[in-house]
Amino acid sequence: MQAEKIKIESAKPESTTIYPILYIIGIVHLLNDALQSVVPALFPVLQSSMGLTFTQLGLIAFALNATSSLIQPVVGIYTDKRPSPYALPIGLTFSLFGIIGLALAQEFWLIIVSVLFIGLGSAAFHPEGSRVAYMAAGNRRGLAQSIYQVGGNSGQALAPLMAAYILLPLGQKGVLWFTIVAAAGVILLLYIAAWYKQQVLEKATPVKRKIAEKASVRKENNANKRIIIFSVSLLVFLVFARSWFHAGITNFYAFYAIQNYGLPIADSQIYIFVFLGAGAVGTFFGGPLADRFGKRLVISLSMLGSAPLALLLPFVGPNFAYILIAIIGFIILSSFSVTVVYAQELVPGRIGLVSGLIVGLAFGMGAVGSVALGVLADWIGLTNTILFTVCLPLIGLLTFLLPTDQKVREMHN
């Protein structure tokens, strides 16, 4: 009995959810993504003050997204082998320098360099931030990722407000105010890094043993390995499709509202804020729902549940569109954090790589979607492009090809 009691007590901390760490990393995720959102929010200012063309603005957006997205899997692979607690504050320090450069740059190439610094900071933050959420999750991984991801979604939702109330009135120099945001994030991440380092020291041996055991199981079962490779590839494709839908709504629906509802620019931005704000709320609730009802179910319902509403969106009036776009944002982004946790369970021990693929590469490729949809809008017209965009959630039918949560557990037991 005494030995059993000791075993239970020693196992208890592993299942404890460390909420203070989750709240802090969620707040820093908000600050990081708000800094990243400064770049597109600054476009109208740069266009008028520096006379930049749409092509130049597109290159700035590409530099930001390509750096922050494509490098994330590389960072994830490295930190899976060599956990790097202090990569978090160092990464955000890069973003701090980028923000200063963005505020002071008077030439196009300096804007590009500054944006690259912001992208590098974001690429360093996301895989390790996701690892911190995983380490602090205990037995509530869905909730933990939701707390972490809702911070990022909230930071992105602030972009229209930043443009309207800070950058447009203050101009390019107004970006300097965001150095306070970056500095606050660095300070918080120094605390997180100290906690993270302690966790690595305490759990290094058992974690390595567990990873070795998992790897051994995967090598012994080639059928499971094929299922895992297929499932991760399909998951990346599904997130890629969802990111195209996200890009289509956030980048082009405001123009659709202006064209079809006769709204001024400021009023059209409210639709985007409502979509992103409701999506942040959906991200928060998606994790706990997945913990209770299953991750594959939530992923399926998030896309297929939003599909009929999305198909209806282009045919409703301006007032009902507010309600509809809020519901769509809530539903389709409810699986934002769930896809990360599902992928982490498919490939245990590769938290950084998985986060880099799902959050970084797949979702970040929405930047490519923005370019492609822009070309499509020039080719077939804005209305037809929106009609194409709202069909994308139907790709969610492919989620039924993913293994169930029970199947995933069986593969690794």
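**Cores, ring pairs and a surface patch in a predicted model**

Reader: In this predicted model, which residues of the largest nonpolar core touch the most other members?

Author: The model is a prediction, and its largest nonpolar core holds 49 residues. The elements that contribute two or more residues to this core are α2 (19–41), α3 (43–49), α4 (54–81), α5, α6, α7, α8 (159–170) and α9 (178–220). Within the core, the residues that touch the most other members are I60 and L102.

Reader: With which residues is I60 in contact, once its neighbours within four places in sequence are left aside?

Author: I60 is one of the two core members that touch the most others. With the neighbours within four places in sequence set aside, the contacts of I60 are V39, F43, L46, L52, F108, I111, I112 and V115.

Reader: How many residues does the second, separate core have?

Author: This core is separate from the one that contains I60 and L102. Its members include Y256, L263, Y271 and I328, and two of these names, Y256 and Y271, also appear in a cluster linked by ring pairs, together with Y253, Y261 and Y322. The number of residues in the second core is 31.

Reader: Are the rings of F94 and F117 stacked, tilted or edge-to-face?

Author: A pair of aromatic rings is described by the distance of the centres and the angle of the planes. The model has twelve aromatic pairs, and in the pair of F94 and F117 the centres are 5.6 Å apart with the planes at 25°. Planes under 30 degrees apart count as stacked, so the pair of F94 and F117 is stacked.

Reader: Which helices do F94 and F117 link, and are the two residues buried, partly exposed or exposed?

Author: The two residues are 23 residues apart, with F94 in helix α5 (residues 87–104) and F117 in helix α6 (residues 108–136). The relative accessible area is 33% for F94 and 30% for F117. Because buried requires under 20% and exposed over 50%, F94 is partly exposed and F117 is partly exposed.

Reader: How is the pair of F125 and Y148 classed, and which parts does the pair tie together?

Author: The ring centres of F125 and Y148 lie 6.2 Å apart and their planes are at 35°, so the pair is tilted. F125 counts as buried at 0% relative accessibility, and Y148 counts as buried at 1%. The pair ties together parts that are 23 residues apart in sequence, since F125 lies in helix α6 and Y148 in helix α7 (residues 141–157).

Reader: Which residues does L392 touch, not counting those up to four places away in sequence?

Author: L392 is found in the loop between α18 (382–389) and α19 (405–411), and this residue is buried, with a relative accessible area of 9%. The C-alpha atoms of L392 and A241 are separated by 6.5 Å, although the two residues are 151 residues apart along the chain. Not counting residues up to four places away, L392 touches A241, W244, F245 and M303.

Reader: Which element gives the largest share of the nonpolar patch on the surface?

Author: The patch is formed by V281, F284, F285, L289, F293, L297, L301 and F330, with about 710 Å² of accessible area together. Two or more residues come from each of α11 (265–293) and α12 (295–304). One of the members, F285, lies in helix α11 and counts as partly exposed at 43% relative accessibility. The largest share, five residues, comes from α11.

Definitions and conventions
Residues are numbered from 1 along each chain as its sequence is written. This is a predicted model: local features need pLDDT of at least 70, side-chain atom pairs count only at pLDDT 80 or more; totals for chains, interfaces and linings use all residues. Side-chain values use heavy atoms; hydrogens and water are left out. Rings of Phe, Tyr and Trp (its six-membered ring) pair if their centres lie within 6.5 Å; planes under 30 degrees apart count as stacked, over 60 as edge-to-face and the rest as tilted. Helices (H or I, at least four residues) and strands (E, at least two) are DSSP runs, numbered from the N terminus. Buried means under 20% relative accessible area, exposed over 50%, partly exposed in between (1.4 Å probe, protein chains only). Contact means heavy atoms within 4.5 Å. Patches are made of residues with over 30% relative accessible area and no salt bridge: like charges are joined within 9 Å, nonpolar side chains (Val, Leu, Ile, Met, Phe, Trp, Tyr) within 5 Å. Accessible areas come from the Shrake-Rupley method with a 1.4 Å probe; for residues, only the protein chains shown count as cover. A salt bridge is a side-chain nitrogen of Lys or Arg within 4 Å of a carboxyl oxygen of Asp or Glu. A nonpolar core is a set of buried Ala, Val, Leu, Ile, Met, Phe, Trp, Tyr and Cys residues joined through side-chain atoms within 4.5 Å.
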